[in-house]
Amino acid sequence: MSCLQVHIQNAALAGGVAVGTSGEMMLTPFGAMIAGSLAGIISTVGYKFLTPILDSKLKIQDTCGVHNLHGMPGILGALIGVVVAFAATADIYGGG
């Protein structure tokens, strides 16, 4: 498998991680696409640039890519969840 295929697969999984936090909120399909795209970009940039820096400077080896696949997209998802929860109104959710 080529390196590009691995980055695409991990970016797709990272998008699911980021949207999973705010999925129960009133996140529109457009918002989900934006969140997933941002998570994919963050994950790919992390694999390409951040992982070598963590390895060479801090001697931190993330052999499974947990930081890039779950850590950073999870933080992005938490921030999106905060924004969506803050933007929620009674008109959107109704009386429940």
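Axes here are lines fitted to C-alpha atoms, for helices over the stretch in contact, and angles run from 0 to 180 degrees between N-to-C directions. The model on screen is a predicted one.

**Stop 1: the N-terminal segment**

Select Met1, which belongs to the segment preceding H1. Met1 counts as exposed because its relative accessible area is 72%. Leaving aside residues up to four places away in sequence, Met1 touches Val6 and Gln9.

**Stop 2: helices H1 and H2**

Next, select residues 3-22 for helix H1 and residues 29-58 for helix H2. The two axes come within 7 Å and cross at roughly 130 degrees. H1 is therefore oblique to H2. In handedness, the passage of H1 across H2 is right-handed.

To display the contact, pick His7, Asn10, Ala11, Ala14, Gly15, Ala18 and Val19 on the H1 side. On the H2 side, add Ala32, Ala35, Gly36, Ala39, Gly40, Ser43, Thr44 and Tyr47. Coloured by class, the residues of this contact of H1 with H2 comprise eight nonpolar, seven polar and no charged.

**Stop 3: His7 and Asn10**

Remain on helix H1 and centre the view on His7. Is His7 buried or exposed? With a relative accessible area of 17%, His7 falls under the 20% limit and is therefore buried. Beyond residues up to four places away in sequence, His7 touches Thr44 and Tyr47.

Then move to Asn10, also placed in helix H1. Asn10 has a relative accessible area of 13% and so is buried. Which residues does Asn10 touch, not counting those up to four places away in sequence? They are Ser43, Tyr47 and Leu69. Asn10 appears in the contact of H1 with H2, and it is also listed in the contact of H1 with H3.

**Stop 4: the loop between H1 and H2**

Select Glu24, in the loop that joins H1 and H2. Glu24 counts as exposed because its relative accessibility is 68%. A distance monitor from Glu24 to Val66, drawn C-alpha to C-alpha, spans 24 Å, while the two residues are 42 apart in sequence.

**Stop 5: helices H2 and H3**

Keep H2 selected and add residues 66-87, which form helix H3. Here the axes come within 9 Å and cross at roughly 140 degrees. This angle makes H2 oblique to H3. The crossing of H2 past H3 is right-handed.

From H2, show Ala35, Leu38, Ala39, Ile42, Ser43, Gly46, Tyr47, Leu50, Thr51 and Leu54. Their partners in H3 are His67, Asn68, Leu69, Met72, Pro73, Leu76 and Ile80. Sorted by class, the residues of the contact of H2 with H3 give 12 nonpolar, five polar and no charged.

**Stop 6: the loop between H2 and H3**

Lys59 sits in the loop between H2 and H3. It is exposed, because its relative accessible area is 65%. What is the phi of Lys59? Its value is near 60 degrees, which is positive in a residue other than glycine. For context, most residues other than glycine have a negative phi.

**Stop 7: helices H1 and H3**

Hide H2 and display H1 with H3. Their axes come within 7 Å and cross at roughly 35 degrees. This crossing of H1 and H3 is right-handed.

The H1 residues to select are Asn10, Leu13, Ala14, Val17, Ala18, Thr21 and Ser22. In H3, select Leu69, His70, Pro73, Gly74, Leu76, Gly77, Ala78, Ile80 and Gly81. The residues in the contact of H1 with H3 divide into nine nonpolar, seven polar and no charged.

**Stop 8: annotated ranges**

Finally, overlay the database features on the model. An unreviewed UniProt entry places "transmembrane region" at residues 30-50 and 71-93. In the model, residues 30-50 are 100% helix and 0% strand, with 28 Å between the end C-alpha atoms. Residues 71-93 are 91% helix and 0% strand, and their end C-alpha atoms are 30 Å apart.

UniProt also places the feature "domain: Ammonium transporter AmtB-like" (unreviewed entry) at residues 6-88. Selecting residues 6-88 gives a chain stretch that is 83% helix and 0% strand, with end C-alpha atoms 36 Å apart.

Note on methods:
Residues are numbered from 1 along each chain as its sequence is written. This is a predicted model: local features need pLDDT of at least 70, side-chain atom pairs count only at pLDDT 80 or more; totals for chains, interfaces and linings use all residues. Side-chain values use heavy atoms; hydrogens and water are left out. Helices (H or I, at least four residues) and strands (E, at least two) are DSSP runs, numbered from the N terminus. Angles under 35 degrees count as roughly parallel, over 145 as roughly antiparallel, 65 to 115 as roughly perpendicular and the rest as oblique. A crossing is left-handed if the near helix is turned anticlockwise from the far one by less than a right angle, and right-handed if clockwise. Contact means heavy atoms within 4.5 Å. Ala, Val, Leu, Ile, Met, Phe, Trp, Tyr, Cys and Pro count as nonpolar, Asp, Glu, Lys and Arg as charged, and the others, Gly among them, as polar. UniProt positions are given in the numbering used here, feature names are shortened, and annotations may be inferred rather than shown by experiment. Buried means under 20% relative accessible area, exposed over 50%, partly exposed in between (1.4 Å probe, protein chains only).
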